[in-house]
Amino acid sequence: MRKKKESKLDWRRLDNSAKIFPISTGKKYSTVFRLSAVLKEKVEPKVLEEAVKQALEKYQFFKVRMKQGLFWYYLEDNNKLPKVEEEQDYPCQYIDSRRNNNYLFKVTYFENKVNIDIFHSLTDGNSGATFFKEIIYTYLELRYKEVLSDDQRRVRKIDYDYDAEDSYMKNYDKKAKSNASGKKAYVLKGNKIPLGAISAIHEIIDLEGLKKESKKHGATITQYLTAVLLNCIYQENYIKNKGKKPIKICIPVNLKKYFPSKTMSNFFSYITIEAQMKKDGLDTFEKMLDFVKRDFSKRLTEEEIIKTMSANVKIGNNPFIRPIPLLIKKAIVRLSYIEIRKYTTTTFSNIGRIGMIGKYKDYIDYFLMLIAPEPVEKIKCSSCTFENKVVFTFTSILQDNRIEKRFYEFLKDKGIKIQIESNGVLDDISREN
């Protein structure tokens with residue numbers, strides 16, 4: 001095992017993506033994502049507390065708090081211990097760091113489930129999953145000492161050689177020109193859930209069945225699920241509301257697949273699938289899937305990825321923006337943020353397989369990923385895979401769950417094994433009405 005790199009400073013700058021999040025965030029725009037592990041036995045809180053403590057010592061990148069500077073926020077060392085509490089709130093809520101010893105992540109548990117909610121200024125989904133896996137590994141080792149012996153621990157050989165570089169600044173191209181579309185997106189319509197509640201619906205899909213169906217159409221799993229999502233939005237929201245603007249689905253992309261990087265900071269970009277339903281003649285699922293496959297091929301090239309990434313770096317590095325005092329930056333960004341979000345209908349983030357080795361797998365049922373919905377992007381979608389289960393999650397602030405139901409029924413009709421779990425928010429509303 002390599003020794004992790006130690007920083008000579010007790011503070012660090014936010015990476016290029018992270019700069020915008022603390023300026024624009026709030027209770028309506030939390031920019032928080034959640035990872036959960038559903039275990040096969042009830043969580044022991046004291047053991048989980050110790051596991052978080054030990055994992056944090058190995059990944060001290062996360063042992064920080066956020067401070068406000070004159071021009072930007074920045075991170076500095078945090079010598080306190082994070083709190084570990086029973087889950088009381090809806091997922092992906094705004095993290096008030098003052099209530100969590102100033103940490104930018106929050107670990108909670110409920111029955112047999114362990115959660116970590118992470119503020120996006122700290123890291124992205126892939127690096128967050130690395131830290132979360134370490135918490136789960138450590139928890140299982142402490143909880144099942146007799147089974148997970150020292151030999152098992154040596155087998156996993158976790159490499160703690162990471163850094164906190166801003167890989168955006170290292171890899172962007174100053175000459176690359178933006179290819180972003182100037183068209184606003186169709187915004188999902190419907191009544192909102194009251195009192196700030198969030199509905200979470202998890203659709204647990206058989207991986208082998210999904211693979212078989214995707215392969216039959218010459219599509220990847222991400223492409224296939226994107227097309228199913230597009231079809232469900234079209235059938236259950238777009239047609240009913242006589243939509244005219246394009247349905248635009250934002251797909252985050254892990255940039256470590258394109259550039260060498262060991263950073264634990266944010267290092268992701270995105271592609272946006274822009275489906276002009278009438279103009280492109282997208283009135284059947286087969287046509288939508290063909291469109292999605294073509295659009296992925298066109299946009300998921302190194303050249304196109306660099307263009308999108310570089311355009312975002314240029315915004316953060318704009319010489320006219322940098323010297324503006326932070327208080328004024330906040331006002332400008334918050335006024336424009338709702339307008340900016342109108343260029344996306346929804347987001348679908350697939351972080352792929354979350355792998356656990358050896359006997360550790362025996363104690364885990366599946367993993368979940370959730371991302372916070374917003375007043376404009378009223379539904380957001382995410383997925384992850386563990387063993388033979390793909391869990392596709394809808395987080396929503398809409399009372400209407402017809403899109404989620406259509407998604408379930410579509411896959412079921414294709415002969416794919418699928419089951420649903422939820423946090424019961426929409427069930428409660430139905431009973432009240």
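This is a short walk through a predicted model, stop by stop, with something to select at each one.

**Stop 1: the sheet**

Start by showing the strands β5, β6, β7, β2 and β12. These 5 strands form an open sheet, in the order β5-β6-β7-β2-β12, with mixed pairing. Color residues 84–86 and 364–371 to pick out the edge strands, β5 and β12, each of which pairs on one side only. Turn the view to look along the sheet: on average, neighbouring strands are turned by 20° against each other, ignoring direction.

**Stop 2: strand β7**

Now select residues 113–119, which make up β7. Is this strand buried or exposed? Buried means under 20% relative accessible area, and 7 of the 7 residues of β7 meet that, so the strand is largely enclosed by the rest of the structure.

Show the side chains next. In a regular strand, side chains alternate between the two faces of the sheet. Here K113, N115, D117 and F119 are on one side of β7, while V114, I116 and I118 are on the other. Both faces are covered, and all of these residues are buried.

Keep β7 in view and add its two partners:

- Strand β2, residues 32–39, pairs with β7 in the antiparallel sense over 7 bridges. To find one of the matched pairs, click F33, whose bridge partner in β7 is I118.
- Strand β6, residues 105–110, is also antiparallel to β7, with 6 bridges between them. Try K106, whose bridge partner is D117, and then T108, which stands opposite N115.

Follow β6 round into β7 and you pass through a hairpin with 2 residues between the strands. Click E111 in this hairpin: its phi is positive, near 55°.

**Stop 3: helices against the sheet**

Bring in residues 45–58, helix α2. This helix lies across β5, β6 and β7, and runs at about 155° to β6. Then add helix α3, residues 125–143. Helix α3 packs on the sheet and touches β2, β6, β7 and β12, with its direction making about 30° with that of β2.

**Stop 4: the cores**

Which residues have the most contacts inside the largest nonpolar core? Select L48 and F105, which hold that position in a core of 68 residues. Helix α3 gives the most to this core, with 8 residues. A second core lies apart from it, with 54 residues, among them A227, I251, C381 and I403. Select those four to see where this other core sits.

Go back to F105 and show what surrounds it. Leaving aside neighbours within four places in sequence, F105 is in contact with L56, F62, P82, I95, N100, I116, D117, I118, L122 and F131. You have already met three of these, I116, D117 and I118, in β7.

**Stop 5: R143**

Select R143, in helix α3. At 22% relative accessibility, this residue counts as partly exposed. Setting aside residues up to four places away in sequence, R143 touches E41, E44 and V47. Draw a distance from its side chain to that of E44 and you have a polar contact of 3.2 Å. For V47, use the C-alpha atoms: they are 6.6 Å apart in space, although R143 and V47 are 96 residues apart in sequence.

**Stop 6: S310**

Next, jump to helix α9, residues 302–316, and select S310. Its relative accessibility is 0%, so S310 counts as buried. What does its side chain reach? One end point is the backbone nitrogen of D173, at 2.9 Å, and another is the backbone oxygen of I306, at 2.7 Å. Beyond its neighbours within four places in sequence, S310 is in contact with Y172, D173 and A176.

**Stop 7: two loop residues**

Finish on two loops. Click L195, between α5 (167–171) and β8 (199–206). This residue has a positive phi of about 60° although it is not a glycine. L195 counts as exposed, at 86% relative accessibility.

Then move to K242, in the loop between α7 (221–238) and β9 (247–254). K242 has a positive phi too, near 55°, and is a residue other than glycine. With 71% relative accessibility, K242 counts as exposed.

Technical notes
Residues numbered from 1 in each chain as written. Predicted model: local features only at pLDDT ≥ 70, side-chain atom pairs only at ≥ 80, totals over all residues. Heavy atoms only, no water. Helix = DSSP H or I, 4+ residues; strand = E, 2+ residues; numbered from the N terminus. Buried < 20%, exposed > 50% of the residue type's maximum accessible area, 1.4 Å probe, protein only. Contact = heavy atoms within 4.5 Å. Polar contact = N/O pair within 3.5 Å; in protein donor to acceptor, adjacent residues only side chain to side chain. Pairing = 2+ DSSP bridges. Core = buried A, V, L, I, M, F, W, Y, C linked by side-chain atoms within 4.5 Å. Axes fitted to C-alpha atoms, helices over the stretch in contact; angles between N-to-C directions.
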